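Reader: I have a structure open and want to learn how to read it. Where do we begin?

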Amino acid sequence: MAIGDIITRVDAPTKTTGQAIYANDVNLRGQLYAAFVGATVPSGRIVSIDPAAALAIPGVVRVLTEADMPRPAPSFADLYVPPLATRHIPLQGLEIAHEGEPVAMVLAETLEAAEAGARAVDVVYDAAAFTDPALAEPVDPDPGRGDYSFLDIAEFEKGDAAAAIAAAPVRIARTYTQPSRHSNPMEPCAVIAEWSGGRVTIHDTIQHVAALQGVITGVFGLEMDQVHVRSIHCGGGFGPKGFIWPHQILVPMAARVVGRPVKLALTRAEMYALVGMQPHMVQEVELGADENGRLLGISHIASNETGVTEDYIEFSTVPSRTYYACDAIYNRQYIRRGNVTLPTYQRSPAEGPGSWALGSAMDELARELDMDPLDLRLANYADVEPSSGEPWSSKMLREAYEMGAERFGWRNRPAGGTRDGHWRLGYGMADSSQGTQRYGSSARVRLRADGTAVVESSFSDIGTGSATVMRQIAADILGLDESAVSSREGDSVLPEAGPTWASATVISTGTAVHRAATEVRGRLARLAGWPADAVGVENGALTHEGEARPIRDILAEAGVSEVSGDGTFTPNGGEFSDAGPEGFPSRVFGVIFVEVAVDPELGLLRLRRATGVYSAGRIINPRTARSQMTGGIIWGWGMAAMEQSRLDPVLGRWLSKDLAGVAIPTNADIPELDVAFVDEFDERSGPLGAKGIGELGATGVAAAVANAVYDAIGLRVRELPITPEKILAG
Amino acid sequence: MKITSPKVSRRSLLRGSAAAAAASLAHARQVSAQNAPEESAFEAWIDLRLTVNGQAHALTVEPRVTLLDALRERMQLTGTKKGCNRGECGACTVLMDGRRVNSCLVLAASAEGRKITTIEGLADGDTPHPVQRAFAEADAFQCGFCTSGQIMSAMACIEEGHTGSPEEIREWMSGNLCRCSAYPQITAAVAAAAEELG
Amino acid sequence: MRDFSYARAGSRAEALDLGQADDAAFLAGGTELINWMRIGINAPARVIDLARVEGLDAVEEIEGGVRIGALARLNDVAQNPLIAEGYPVLSHAILRAASAQIRNLATIGGNPVQRVRCPYFRANEGAPCNKREPGSGCAALNGIHDRHAIFGWTEDCVAVHPADPPVALAALDAVIVTDHPEGGRLIPVREFHVLPSQNPAWHDVLRAGELIVGIELPAPAPRSAYLKIRERESYEYATVSAAAALEMDGGVIRRARVALGSVAMRPWRLVAAEARLAGLAPDAPEVADAIDASFAEARPLSGTEWKVRLARNAARRVIELAAEA
Ligand SMILES: Cc1cc2nc3c(=O)[nH]c(=O)nc-3n(C[C@H](O)[C@H](O)[C@H](O)COP(=O)(O)OP(=O)(O)OC[C@H]3O[C@@H](n4cnc5c(N)ncnc54)[C@H](O)[C@@H]3O)c2cc1C
Ligand code: SF4
Ligand code: FES
Ligand code: FES
């Protein structure tokens, strides 16, 4: 098994037989089931809580309220927000920041009793005025309200964009909006915690094991070795399992109070109220261009909703300073505070929303110029990174454009509005791109005398195929067969991996595994008396200048049972994370073409076909990579055509907190999808030549779809999602 | 005390108790207290015998326990997943007398005497069922959380004969949501398995 | 979920007898009732499981039509040749409802008894809602209601009935057959649901302990079709749906029956339009005017004007589809 081979996922045997264990599948002896009582008002104070009716239910053991819960240790104040999602922990006071936030926690011997108990607790509130963030004034983010504002920049200026746009012969100025949108991974968040002595063991479903471990030490004033976190399989991340949310703190607190293991799985409704969403956004884009379509100025001003406790910022202006060559660029980020759950990163953060606005505006500009939208992109091709002027680590977008246009038949597509029965066909395209993130990571590889190896690192499996890819990398270096390499992951006792998000795992942890395996190979060589940099491995034997010695013999002779090597990946300057190699901005690129069908009389919009072609560095496993991209395109289709969470303007709560009142794509919505990668190796990204791809596929899709709808029926939709009432209004 | 809107009734907004909700039933149906049947016909605890994957299990449950929670929390058969607990996702799909159903919408009590098949009951020892193998080979899952439900649904979809075309498979597999969005691969897996099973 | 006690009925007589108990609910497929009990819409003290009642799940020919047993599962009804060939409108309406696995549980008798999908009604926390708590008001009226009614609403409730099969059944003039210790009834599907002007708190006319035993369809309607409009392609309730059953004289409509779904608290027959459709070719331009006759009484909410346009287009389209069937 080597890098670049098509490999079946290593977790196929357990995931297709129901043997893979997720957090909510863990049952501990003596456990209590927990259920939350959620606030029914969006703002105000708790006046009283009467647990009597709940306690009268057979099986209910305790009803915990604010008065019963321990307070965080002083070290809590030192935690950063993020990885702590919010410092506002419920059951610590009487104030309500948003609807649904827990006001009590019922513990019972059975799940049924806990749920019935939660319904029976009688809570009286003093409701206060509720602020709808959609109507709130956009203001500058306050760096003192959480640490989200340090994750990117709120204002960017290069040249004088306003003047350049004002002077440009062709201009457009448009506003694009998108709704709040919940990630809805199929697996609801779940956590089970057990204390033993002064130590706590937590089974959870998270994208970053070390973050939970760190937060829990901070909350309880513990040392790292007193906190054991396990998260082997995570049933879909997409956002809510990235940072550490209050329920993950409340469960170990409750377990400590009652001295028994406590298990909590959020209900689907609580997934709406308690673990964040992509925020509602308003984006104003202004473009100025010359007659040939060359961009003279770009202005992109965005505002997103946030909660009342911290300022979360959705940095959607990033695309405007990174996608196209332009000398005058202005970006600004505002926030709108209200009584809602704090938003959080969602698959394709920043650029999912940003590419929707910019990708739509570019299409509107192309129409204004009477130019093909692909030609407009080519006219503004960014050979260097536009905001810094530095060279890219690698970029083969031109090749991707060409390959994509060819595969899709873009240059000879039918005219927009072509009929197929009652349907009108439309064609649209947009750029896909996502910035690179890398995180400090470490890994250990152990090669045993029997010729098998194991990769150890605390990365979490969220379905991106990390375990498969890590084993593949180790097998490649050690010349082993797929079946000879196993892995241990998702456990805080293992070498610490960075988070499995921001498409960062392969470049970060993958590099650490690569180094660890290379280290093992070097040690073997030294045992064999050969120079470490001149050996190869083949079929379980070390080779040097035509000579081969079985690994088993080398270890036996040296009298050791195994050789292990550690590898780390350290971001620039020893930081926790960086954005790619120093001096060479790193990004992945691509283009998405779609054909949609619109029935203007019935308001229907359907996807007919799509082609995505990507320039994303070396592809380690083409099979899992393809699935990542098709998954992203479908995610983008959901954003374009249906997904939205609406906040009731009077009650201040999500209108529907389920999967029937909120639409996400089904199988029947999705045709065959065409995906390809440009053959590329990014030498600067590290020894693997790979970059992160997990979030690339979902970018640009919403814009491509809106552009195709315009092509089909001449209706420009600037407000997502593109639902029947908008089509009928056209 | 401030209320957010005059339209909001204090009682329903400010009190989260079940009693208020229960009361509404009486209004929706004109309940007439007539000669009640023998109370003993109704049981508060039920002794059940469930046949799951060919094995008989005996358990005593409250009537409100669903088949899904009985499998997961009482029989330690955790391969069947809970994604919504409302019939809205398909993660809990099992076969009942050979037909696919959402186990979150079935009372354990109603399943007595039925043949239940879960994801744990498909493989023949270490040999996966052709449908399981097809899912692995088509890369028809990512996080794997919806996969048990997808595979159980696929078993039935093939048995029902709803695999005549990709469109037909897509429609008849639409009761299983996949947020990792492995749909094209799932469709391919079902087609391949249907072909193999003839 | 509040706990309840449980009994299985083995026969129709036993079901009727058990149904006399206080605060009892029949459980058929369970796909609605179990969710109601979870959400707190309903919390019966007793549940009567009908699944083992014998003899109520057949689809059979009767004089002048077909009788469907109340406990027949949706998938079995839709795929029964008597229905698939004789009543395509019903077969299609069923197969576009819910999902394959829900349709294996859900019964044809339980389907019309399902309640509104109004998100305020379905909220776990409860909201001002006259259908949840009579007299508490209607949150939708001043809240979000762009999927709500265009016909027959009052300020006390603006919800629509969401079921698909009853729309087809209404177009077919089907009759719901019930039994009750005090006597059964024949209830036309068109009169089964209750408009808010009659009682905003109610959904249908069933009495406590009244058992639906079957649904009777009149003569077959092979020239019939169902159109369901929704944001996603499958597994979603209708935004608007339309059912049509045509009888043709050559290329001309002799008799048309057209019903719309998800536009009112009951399937909405376009009576005025039906009269004007007789004598027209299904693709004649006058069809649009004929349909408009039934929209004179449309009264959209501030958020549902678009649904008027959609419903009108859907009615036109379904006539075309039925003519092609
Ligand atoms: C996720 C989801 C999606 C859905 N989508 C759709 C859709 O798109 N279109 C659609 O039409 N429906 C849809 N449904 C609704 C579904 O079709 C109904 O829930 C089902 O038909 C109800 O039948 P049941 O047998 O399960 O009823 P139950 O849940 O068993 O009962 C419902 C009610 O009917 C009463 N009842 C049942 N049978 C009788 C009887 N014989 N006599 C007297 N009373 C009786 C019960 O007492 C109860 O009050 C959906 C449901 C779910 C969960
Ligand atoms: S429309 Fe009807 S169901 Fe909805 S909130 Fe108003 S009264 Fe309740
Ligand atoms: S858990 Fe049963 S359908 Fe979602
Ligand atoms: S594989 Fe993750 S939800 Fe389907």
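**Ligand shell and chain contact**

Author: Begin with the shell around ligand 2, which divides into 12 nonpolar, 2 polar and 1 charged residues. Keep in mind that this is a predicted model.

Reader: How many residues surround ligand 2, and which are the closest?

Author: 15 residues surround ligand 2. The closest are Cys118(C), Cys129(C), Cys138(C), Cys157(C) and Val158(C). Cys counts as nonpolar here.

Reader: Now the contact between chain A and chain B. What area is buried there?

Author: First the general idea. Interface size is often given as the accessible area lost when the parts come together. Here, chain A and chain B bury about 5,400 Å² between them. Carbon and sulfur atoms give 53% of that area. In chain A, Glu112(A), Met186(A) and Asn667(A) lose the most area to chain B. Together they make up 14% of what that side buries.

Reader: How many residues does each chain bring to the contact?

Author: Chain A brings 74 residues and chain B brings 57 residues.

Reader: How many salt bridges are counted between chain A and chain B?

Author: The count is 6 salt bridges. In one salt bridge, the side chains of Glu643(A) and Arg179(B) meet at 2.8 Å, N to O. Polar contacts are a separate tally: 30 residue pairs across this interface, both residues at pLDDT 80 or more.

Reader: Which element gives the most to the side of chain A that touches chain B?

Author: α14(A) gives the most, with 8 residues. By class, that side of chain A has 34 nonpolar, 23 polar and 17 charged residues.

Terms used:
Residues are numbered from 1 along each chain as its sequence is written. Chains are lettered from A and ligands numbered from 1 in the order in which they are written. This is a predicted model: local features need pLDDT of at least 70, side-chain atom pairs count only at pLDDT 80 or more; totals for chains, interfaces and linings use all residues. Side-chain values use heavy atoms; hydrogens and water are left out. A residue is near a molecule or strand if one of its heavy atoms lies within 4 Å of it. Contact means heavy atoms within 4.5 Å. Buried area is the accessible area (1.4 Å probe) that two parts lose on being put together, summed over both. A salt bridge is a side-chain nitrogen of Lys or Arg within 4 Å of a carboxyl oxygen of Asp or Glu. A polar contact is a pair of N or O atoms within 3.5 Å; within protein, one must be able to donate a hydrogen and the other to accept it, and residues adjacent in sequence count only if both atoms are side-chain atoms. Helices (H or I, at least four residues) and strands (E, at least two) are DSSP runs, numbered from the N terminus.
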